[in-house]
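Colleague: Please take a close look at the salt bridges in this model. I should like to know which side chains take part, where they lie in the chain, and how far they are enclosed.

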Amino acid sequence: MNIKENIRIAIFSIRTNLMRSLLTMLGIIIGVSSVIAIVTVGNGGRDYIIGLIRDMGASAINITVDSSVAEPTDYITSADIAAIKQLDGVDYASPIVMGMGAIATETESGIGITLGATPDAQKIMKTDCLYGRFFTEEEYASAKPVAVIDNGSALMVFGREDVVGETIKYTYNEVTVSLKIIGVGDNGMSMFGGNSDSAMESMSALTGGSSVKYCSVMIPASLSLEIVGADDRYESVYITANDENQLESAGNAAQNLIKARHNNFERDCYTVVNMATYIDLLDSVIHIFTIFIAAVSAISLIVGGIGVMNIMLVSITERTREIGIRKALGAKTGTIMFQFLTESIILCMIGGIIGLILGVVGAIFVSHIMNVPLQVKLSTVALAVGFSSAIGIIFGVYPARRAALMPPIEALRRD
């Protein structure tokens, strides 16, 4: 008997006992759909999260001063940053000075988080202004009281996004500065990330749902130092390279330059961190977590395989006389075995295809709800369908072999 005839008989047997076949395939359908949905959403979510982190400047080197061993003369200065920008391979360099104080407008008040930086920060964080502009080198050099606010904070404090020209008062340690908003940045500049709505939700969550307002603004780093009353020294600097593959060497060159300028090679007071390593770590964690959840879901495939074995044994019992007649007419043991093995594989493959369709539909729905891109990989589809076929083979061998080894006389004797 050829393969085409085996497939025809298998489909006929499945159609004859349609309800029983569907119930048997249920475990396969649930297992395959779960694995497809979890892996697809997991891959899409992983790429989305890592993409966001990359867009927020994770492809950068951070050089930090170790305050436990550093002396006042070891801290990074504006002149150091200017010298770093002259190095071959270095594209942008900027310090990041964080501060927290009180903010106030004509109608609102709350807590303000300031990020002091140079104009290069816009390129390092890969953020754009939705309205207005970023501050210039001249404004940074003169410590001009200007600010760029993110759109989520603008909505939180002013109730709208376009707030260019508005003034916000920032108070730190009894020092109050009136900041003129010259630009509104996109969510990449936000301390809270996400879109405007998610930024507002994040800020609201920090206050336990209270009415306290939070605002994240970026100001010239020189102004940050004036507000806190500090000298021209920074604890850290972020740099990017012309070529991301040369980022590590650019960071090492910048560190050596700082040591040479401060003449402190004998003391290990600087730490160089490639922010991309955090991306790789996060990528590995999400990947392992996705595989673990998918593996747990795949247990239902084993349960489905046991169901297939059970129904095939029932089918053999019902078709004992058919087996006896075929063997009496000269059908070989391998032919009988291959017939029932084909039926088991077809049963699991149909379940796998149905599970694949349901899994993709489920992934589309979940991706839409979670607002993450859908990423259906061919390897995931091939794995799911191939695994369901393997289940059919593994759990179909025993029933098929049992049918093939049945003595013809005993088979014919049964009703």
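Modeller: The account below takes the salt bridges pair by pair. The model is a predicted one, in which local features need pLDDT of at least 70 and side-chain atom pairs count only at pLDDT 80 or more, while totals for chains, interfaces and linings use all residues. Residues are numbered from 1 along each chain as its sequence is written, and side-chain values use heavy atoms, with hydrogens and water left out.

Seven salt bridges are present in the structure. The term stands for a side-chain nitrogen of Lys or Arg within 4 Å of a carboxyl oxygen of Asp or Glu.

One of them joins Arg 267 to Asp 74, with 2.4 Å from N to O. Arg 267 belongs to the loop between helix H9 (247-262) and strand E11 (270-274), and Asp 74 to the loop between strand E1 (61-65) and helix H3 (78-84), so this contact ties together parts that are 193 residues apart in sequence. Helices (H or I, at least four residues) and strands (E, at least two) are DSSP runs, numbered from the N terminus. The two partners can also be described by their accessibility, where buried means under 20% relative accessible area, exposed means over 50%, and partly exposed lies in between (1.4 Å probe, protein chains only). Asp 74 has a relative accessible area of 0% and is therefore buried, whereas Arg 267, at 22%, counts as partly exposed. This pair does not stand alone: Asp 74, Glu 266 and Arg 267 are linked in a network of salt bridges.

A further salt bridge involves helices H9 and H3 themselves. The side chains of Arg 261 and Asp 80 meet with 2.5 Å from N to O. Arg 261 is in helix H9 and Asp 80 in helix H3, 181 residues apart, and the pair thus links distant parts of the chain. Asp 80 is buried, because its relative accessible area is 2%; Arg 261 reaches 42% and so is partly exposed.

A third example is formed by Arg 160 and Glu 166, whose closest N and O atoms are 2.6 Å apart. Arg 160 has a relative accessible area of 36% and is partly exposed. Glu 166 is partly exposed as well, at 28%.

To sum up, the acidic partner is buried in the case of Asp 74 and of Asp 80, while Glu 166 is partly exposed.
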